[in-house]
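Here are my notes on this model, as numbered points. Please read them with the structure open.

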Amino acid sequence: MEYILLIAVVVIAVLAYRSYRRTQLQSRKQQEITAAEIESVKRTADEDITRFGEELQDLDLDMVGKDLGDGARQDYQRALDAYESAKQAVTQVTEAEQIRHVIEILEDGRYAAACVRARVNGEPLPQRRPSCFFNPQHGPSVEDVMWAPPGGAQREVPACAADAERVRAGAEPDVRKVMVGPQRVPYWEAGPAYSPYAQGMFGALGGVMTGMFLGTMLGGMFAGGGYGDYAAGYDAGQADGGDGGDSGGDFGGDSGGDFGGGDSGGWDFGGGDFGGDF
């Protein structure tokens, strides 16, 4: 009898040890996957920063020989500062959540650059809008278009001029894709590590993005928060003359470019999902 009990104790101990080892290995594997995902989203952000740097080089060439006012020079300096800050910030990323700060810096730089182009071309300062949903590298969106993912219902999404035209023509928009394992997928389907990446661009849209990502691994991560009124601060800045200080071209402090309070009815997704299994 004692012999049988001893065998039972040994068997239980062996099974417990195997269970413990299996749990440890799974935990270690999960940590490795997490580290890989962080590197992936970090690489994606770095690619976006590099693309923005190339755009600034082109912008610099466009400004050669043109008489720039104080507003254009200030906005250009802000864009350059944002580029340098984003470059430095991305090298310090060790957690996925830190990507959001990098992208927010980059977003400010993109808007500042758009203000420079407007000033140089003698156009009104652009409204502060979220980036093009399809490909954030395209910079600030210019309008909202009706679009539906495969198997989903149509909803309005922010788009750049080129993608808006593609959608209206029935063509596929130029979607920003990233590597997930052996394949490239839209960034909004790339997993939870990309939630801070998307929030850095669209966090001010709050529940809108909850619906936009519903059914993907990012779904639900935008729950809570409201959509700031991108235009309100800008209009106030225009009333002040539009240059420097609290101008529409300034994305810091009380600028017209900030994500001010208020809610925009234009971004109500009417229930917050695309329908289908998206």
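**Notes on a buried tyrosine and two pockets**

1. Tyr197 sits in helix α5, which spans residues 195-202. Keep in mind that this is a predicted model.

2. Is Tyr197 buried or exposed? Tyr197 is buried, because its relative accessible area is 0%, and the cut-off for buried is under 20%.

3. Which residues does Tyr197 touch, leaving out those up to four places away in sequence? The contacts are Val41, Thr44, Ala45, Asp48, Ile99, Ile103, Pro136, Arg176 and Tyr187. With Asp48 there is also a polar contact, side chain to side chain, at 2.5 Å.

4. Glu104 is 93 residues from Tyr197 along the chain. The C-alpha atoms of the two are separated by 8.9 Å.

5. Turning to the pockets, the largest has a volume of about 270 Å³. Its lining has 16 residues. Nearest the centre lie Trp147, Ala148, Pro150, Glu172 and Pro173. By class, the lining of this largest pocket holds 12 nonpolar, 1 polar and 3 charged residues.

6. The second largest pocket has a volume of about 190 Å³. It is lined by 11 residues, and Glu37, Met179, Val180, Gly181 and Ala190 are the closest to its centre. Two elements, α1 (2-62) and β3 (177-180), each give two or more residues to this lining. The largest share, 3 residues, comes from α1.

7. How do the residues lining the second largest pocket divide by class? There are 6 nonpolar, 3 polar and 2 charged.

Definitions and conventions: Residues are numbered from 1 along each chain as its sequence is written. This is a predicted model: local features need pLDDT of at least 70, side-chain atom pairs count only at pLDDT 80 or more; totals for chains, interfaces and linings use all residues. Side-chain values use heavy atoms; hydrogens and water are left out. On a 1 Å grid over the protein atoms alone, a cavity is a set of points where a 1.4 Å probe fits but cannot get out, and a pocket is an open set with protein on both sides within 12 Å along at least five of seven lines; lining residues have an atom within 4 Å of a point. Grid points are joined across faces, edges and corners, and a volume is the space filled by probe spheres set on the points. Ala, Val, Leu, Ile, Met, Phe, Trp, Tyr, Cys and Pro count as nonpolar, Asp, Glu, Lys and Arg as charged, and the others, Gly among them, as polar. Helices (H or I, at least four residues) and strands (E, at least two) are DSSP runs, numbered from the N terminus. Buried means under 20% relative accessible area, exposed over 50%, partly exposed in between (1.4 Å probe, protein chains only). Contact means heavy atoms within 4.5 Å. A polar contact is a pair of N or O atoms within 3.5 Å; within protein, one must be able to donate a hydrogen and the other to accept it, and residues adjacent in sequence count only if both atoms are side-chain atoms.
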